[in-house]
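Hi everyone, thanks for making time. I've got one structure for you today, so let me put it up on the screen and we'll walk through it together.

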Amino acid sequence: MCQHQTQCPSADSADRESARLVAHHPEQGWSLLCNGVVLFEDTGELLPDGRAIAPHRPLVGQVMTAA
């Protein structure tokens, strides 16, 4: 799918969210990445093969500290 030089990460790679935007619809709450992933504003994802990735943003009030 991706024709960028260097190619964007595939939909199966761990860093798939770093692919370039193809379409961005903030009024509808989603964006399409060049690797075919649909990224939703709640951080959920829909992969090109139909698998859904649950939202994975931090819980409200949860504090993260550096080690």
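Let's start with one pair: His25 sits across from Trp30, and Trp30 belongs to β2. Before I go on, keep in mind that what you're looking at is a predicted model.

That pair brings us to the strands. β1 runs antiparallel to β2, which covers residues 30–33, and 4 bridges link them. Now zoom out a bit. What order do the strands take in the sheet? It's β1-β2-β3-β4-β5, an open sheet of 5 strands with antiparallel pairing. The two edges are β1 and β5, the latter being residues 52–53, and each has a single partner strand, so one side of each has no neighbour in the sheet.

And how many helices are there? The protein chain has 0 helices and 5 strands. If you read along the sequence, you get β-β-β-β-β.

Okay, back into β2, where you'll find Ser31. Is Ser31 buried or exposed? Its relative accessibility is 8%, and the cut-off for buried is under 20%, so Ser31 counts as buried. Leaving aside residues up to four places away in sequence, Ser31 touches a list of residues that includes Leu21, Ala23, His24 and Val38. With His24 there's also a polar contact between the side chains, at 2.6 Å. As for Leu21, it's 10 residues from Ser31 in sequence, and their C-alpha atoms are 6.9 Å apart in space.

Next up is Arg16, which lies in the segment before β1, and β1 itself is 21–25. Arg16 counts as buried too, because its relative accessibility is 14%. Again skipping residues up to four places away in sequence, its contacts include Pro9, Ser10, Asn35, Glu45 and Leu47.

Let's follow Leu47 from there. Counted the same way, past four places in sequence, Leu47 touches Ala11, Arg16, Val37 and Ile53. Leu47 also belongs to the largest nonpolar core, which has 7 residues in all. Ala11 and Val37 are in that core as well, along with Cys8, Ala19, Leu33 and Cys34.

Last, some totals for the protein chain. Of its 67 residues, 28% are buried. The chain exposes about 5100 Å², with carbon and sulfur atoms supplying 56% of that. And among contacts with a separation of 6 or more, 20% are between residues 24 or more positions apart.

That's my tour, so over to you for questions.

Definitions and conventions: Residues are numbered from 1 along each chain as its sequence is written. This is a predicted model: local features need pLDDT of at least 70, side-chain atom pairs count only at pLDDT 80 or more; totals for chains, interfaces and linings use all residues. Side-chain values use heavy atoms; hydrogens and water are left out. Helices (H or I, at least four residues) and strands (E, at least two) are DSSP runs, numbered from the N terminus. Buried means under 20% relative accessible area, exposed over 50%, partly exposed in between (1.4 Å probe, protein chains only). Contact means heavy atoms within 4.5 Å. Two strands pair if DSSP finds at least two bridges between them. Accessible areas come from the Shrake-Rupley method with a 1.4 Å probe; for residues, only the protein chains shown count as cover. A nonpolar core is a set of buried Ala, Val, Leu, Ile, Met, Phe, Trp, Tyr and Cys residues joined through side-chain atoms within 4.5 Å. A polar contact is a pair of N or O atoms within 3.5 Å; within protein, one must be able to donate a hydrogen and the other to accept it, and residues adjacent in sequence count only if both atoms are side-chain atoms.
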